[in-house]
Amino acid sequence: MSKILVTGAAGFVGSRLTETLANQGHNVVALDCFLPDLYSAAIKKDRFAYLTTLPNVTGMVADLRVDNLTSIGPVDVVINEAAMPGLTKSWEDLQLYVDNNLHALDRLIRATTSDSLQKFIQISTSSVYGRIATGSEDSPTDPYSPYGVSKLAAEKLGFAHLDNFGLPFTVLRYFSVYGPGQRPDMAYHRFLEKAKTGGTVTVYGDGEQRRTNTYIDDCVAATIAAIDHAEPGDTYNISGTQSVSINEAIETVRAVTGAKLPVDYQPVRPGDQKETRGDISKAQRVLGYEPTWALHDGLAAQWTWQKDRPH
Ligand SMILES: NC(=O)c1ccc[n+]([C@@H]2O[C@H](COP(=O)([O-])OP(=O)(O)OC[C@H]3O[C@@H](n4cnc5c(N)ncnc54)[C@H](O)[C@@H]3O)[C@@H](O)[C@H]2O)c1
């Protein structure tokens, strides 16, 4: 059984990925540094503590930016989920994004390049396409936020290592992931919190911006499929297929929770994407990826997870 390094293992996607891989019997090195900049490090520490109780999981607390990474040792697969996400903060602190999304990747590539490495899966984002992200992987990349710029630079860095040194580098571009464990800064998490407390939700813009959200378990299934099926040098969109506006998503949150959820419309935030609709035909063809979750069911699952948690 191969040895898989998952970075960002204490994060939203990384923790679910680590748990699923471990349950499938893979040996996983779960690495994280509990970055406190976007949301509470305590949430990440709790998730990490749970993961390290699972058979087959070895925890490693390390900051990819600065710590000595030699103890990772040879691995067969790297899945680099670690990043500083969230586009709003990227206007305020570009250094944080360059350090965690680009410089950290450089150090990770150097630490894990070995004869045993079969695949290096870099997790990227629809944000690399820009304000409109509706085409295939061949669409122009024109990031609309510093976050998107930093993630595109990371893709380019990995491909430069592939071209020069044969790093088996492949890219998955996730489209707005949701479901149990979702980051507290993300829209659906915020809406469901307001459903709990009876508050007003803030929407930036007119609410007509559209998304094809990806349910967490679909996202994890695609990522695991990439271990065996993704081609080095290739890039894959990982997205759901149901296109909904924010206003329609709020209607669904109302249906799921029974909350009234009044809306306060505020000006569009710089960097916000107008439409994302991932063309996933390549992931379907090559990875065998087939998203299975409808938004109503996914939000109901997230509500079940979120409703009794402390605010
Ligand atoms: N959640 C989404 O909707 C979404 C959409 C597109 C792309 N992505 C990408 O998916 C990946 C996972 O995102 P997420 O939503 O789970 O975010 P997250 O913030 O919950 O998880 C990221 C994890 O990486 C860790 N990390 C960051 N810098 C690190 C460093 N220097 N050393 C070690 N660990 C570090 C953090 O502590 C955190 O636990 C990221 O690469 C993100 O850019 C996410």
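# A Guided Tour of the Ligand Shell, Domains and Helix Packing

Begin at the ligand: the shell around the ligand comprises, by class, 16 nonpolar, seven polar and seven charged residues. The coordinates on screen belong to a predicted model.

## Ligand shell

Keep the ligand displayed and select Gly8, Gly11, Phe12, Leu35 and Ala83, which come nearest among the 30 residues around the ligand. Next, colour α1, α3 (94-112) and β5 (119-125); each of these elements supplies at least two residues of the shell around the ligand. Helix α1 gives the most to this shell, with three residues.

## From α1 to α6

Stay with α1 and select residues 12-23, then add helix α6, residues 216-229. The axes of these two helices come within 10 Å and cross at roughly 60°. Helix α1 is therefore oblique to α6. Viewed along the line that joins the pair, the crossing of α1 and α6 is right-handed.

To inspect the contact itself, show the side chains of Val13, Arg16, Leu17, Thr20 and Leu21 in α1. On the α6 side, they meet Ile216, Cys219, Val220, Thr223 and Ile224. By class, the contact of α1 with α6 has seven nonpolar, two polar and one charged residues.

## Two domains

Now colour the protein chain by domain. Domain 1 is made up of 3-178 + 214-240 + 278-291, and domain 2 of 187-209 + 243-276 + 297-306. A distance drawn between the C-alpha centres of domain 1 and domain 2 should read 26 Å.

At the boundary, 16 residues of domain 1 are in contact with ten residues of domain 2. The residues on the side of domain 1 that touches domain 2 divide into eight nonpolar, seven polar and one charged.

## α5 against α7

Select helix α5 (residues 187-197) together with α7. Their axes lie 10 Å apart, and the helices pack at an angle of about 40°. Helices α5 and α7 are therefore oblique to each other, and α5 passes α7 in a right-handed crossing.

For the contact, display Ala187, Tyr188, Phe191, Leu192 and Ala195 of α5 with Ile246, Ala249, Ile250, Val253 and Thr257 of α7. This contact of α5 with α7 has nine nonpolar residues, one polar residue and no charged residues.

## α7 against α9

Hide α5, retain α7 (residues 246-257) and add helix α9 (residues 295-306). Here the packing angle is about 55°, and the axes are 10 Å apart. Helices α7 and α9 are therefore oblique to each other. The crossing in which α7 passes α9 is right-handed.

The α7 side of the contact consists of Ala249, Thr252, Val253, Ala255, Val256 and Thr257. Select these with their partners in α9, namely Leu295, His296, Leu299, Ala300 and Trp303. By class, eight nonpolar, three polar and no charged residues form the contact of α7 with α9.

As a last selection, show Ala249, Val253 and Thr257 of α7, which are among the residues in contact with α5 and among those in contact with α9.

Definitions and conventions: Residues are numbered from 1 along each chain as its sequence is written. This is a predicted model: local features need pLDDT of at least 70, side-chain atom pairs count only at pLDDT 80 or more; totals for chains, interfaces and linings use all residues. Axes are lines fitted to C-alpha atoms, for helices over the stretch in contact, and angles run from 0 to 180 degrees between N-to-C directions. Helices (H or I, at least four residues) and strands (E, at least two) are DSSP runs, numbered from the N terminus. Angles under 35 degrees count as roughly parallel, over 145 as roughly antiparallel, 65 to 115 as roughly perpendicular and the rest as oblique. A crossing is left-handed if the near helix is turned anticlockwise from the far one by less than a right angle, and right-handed if clockwise. Two residues are in contact if their C-beta atoms, placed from the backbone, lie within 7 Å. Ala, Val, Leu, Ile, Met, Phe, Trp, Tyr, Cys and Pro count as nonpolar, Asp, Glu, Lys and Arg as charged, and the others, Gly among them, as polar. A residue is near a molecule or strand if its C-beta atom, placed from the backbone, lies within 6 Å of it. Domain bounds come from an automatic or database domain assignment.
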